[in-house]
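Me: I'd like to practise reading a few features off a fold. Can you walk me through some?

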Amino acid sequence: MQLRYALACDYANVTNDGRLNISGVIDRLYAPHFPAVHRTLYLVVSMEIEPEDDGQEREVHVQLIDGDARTLADLHGKMRLGHGDRVLNQVHVFHDLHFIEPGTYRFNIFLDGIQVKTFDLDLIQLPQGPPSEGSP
């Protein structure tokens, strides 16, 4: 089994016939102030299954860490691979992610304990505009 790709997005689902729908790929998020909360973020992981994987159980581990390697989210799961499947798409949903400060956050993806992908998610603070007239 090998990773085909992994990405963060605004929304994703897998249809009954196995098609993967992805909307709004994300590599950075903007917030007017910090700490900030991002209400819903989807993580898509697509894997290619080899014939020798048929019927095997595999472990997937996904973690989101901040710049100081503190864990914000940590998912562990096991899956049994079907016979004849050649692509496996997973959609993970994160709710109410708390980002303490701007900076680079990192998704780490492990298959059977081996890190197979890492990618960054940049949190950027929006510049503060000038005060409007009549503001104290």
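Reply: Sure, let's take ring pairs, a sheet and one histidine in turn. Keep in mind that this is a predicted model.

Me: How many aromatic pairs does a search of the whole structure find?

Reply: Four turn up. In general, a pair of aromatic rings is described by the distance of the centres and the angle of the planes. Here, the ring centres of Phe 94 and Phe 107 are 5.9 Å apart with the planes at 55°, so this pair counts as tilted. Phe 94 sits in strand 7 and Phe 107 in strand 8 (residues 103-111), so the pair ties together parts 13 residues apart in sequence. Phe 94 and Phe 107 are both buried.

Me: What kind of pair do Phe 99 and Tyr 105 form?

Reply: That one is edge-to-face, at 4.8 Å centre to centre and 85° between the planes. Phe 99 is buried, as is Tyr 105. Ring pairs also link Phe 94, Phe 107 and Phe 119 into a cluster.

Me: What is the strand order in the open sheet of four strands?

Reply: Read it as 2-1-4-7, with antiparallel pairing. Strand 2 (20-26) and strand 7 (87-99) are the edges, each pairing on one side only. From one strand to the next, the twist averages 45°. Strand 1 (residues 2-14) is joined to strand 2 by six bridges, and Val 14 has Leu 20 in strand 2 as its bridge partner.

Me: Is His 61 buried or exposed?

Reply: Its relative accessible area is 14%, and the cut-off for buried is under 20%, so His 61 is buried. His 61 belongs to strand 5 (residues 57-65), and its side chain makes a polar contact of 2.5 Å with that of Asp 74. Beyond its neighbours within four places in sequence, His 61 has contacts including Leu 75, Asn 108 and Phe 110.

Technical notes. Residues numbered from 1 in each chain as written. Predicted model: local features only at pLDDT ≥ 70, side-chain atom pairs only at ≥ 80, totals over all residues. Heavy atoms only, no water. Helix = DSSP H or I, 4+ residues; strand = E, 2+ residues; numbered from the N terminus. Buried < 20%, exposed > 50% of the residue type's maximum accessible area, 1.4 Å probe, protein only. Polar contact = N/O pair within 3.5 Å; in protein donor to acceptor, adjacent residues only side chain to side chain. Contact = heavy atoms within 4.5 Å. Pairing = 2+ DSSP bridges. Axes fitted to C-alpha atoms, helices over the stretch in contact; angles between N-to-C directions. Phe/Tyr/Trp six-rings, centres within 6.5 Å; stacked < 30°, edge-to-face > 60°.
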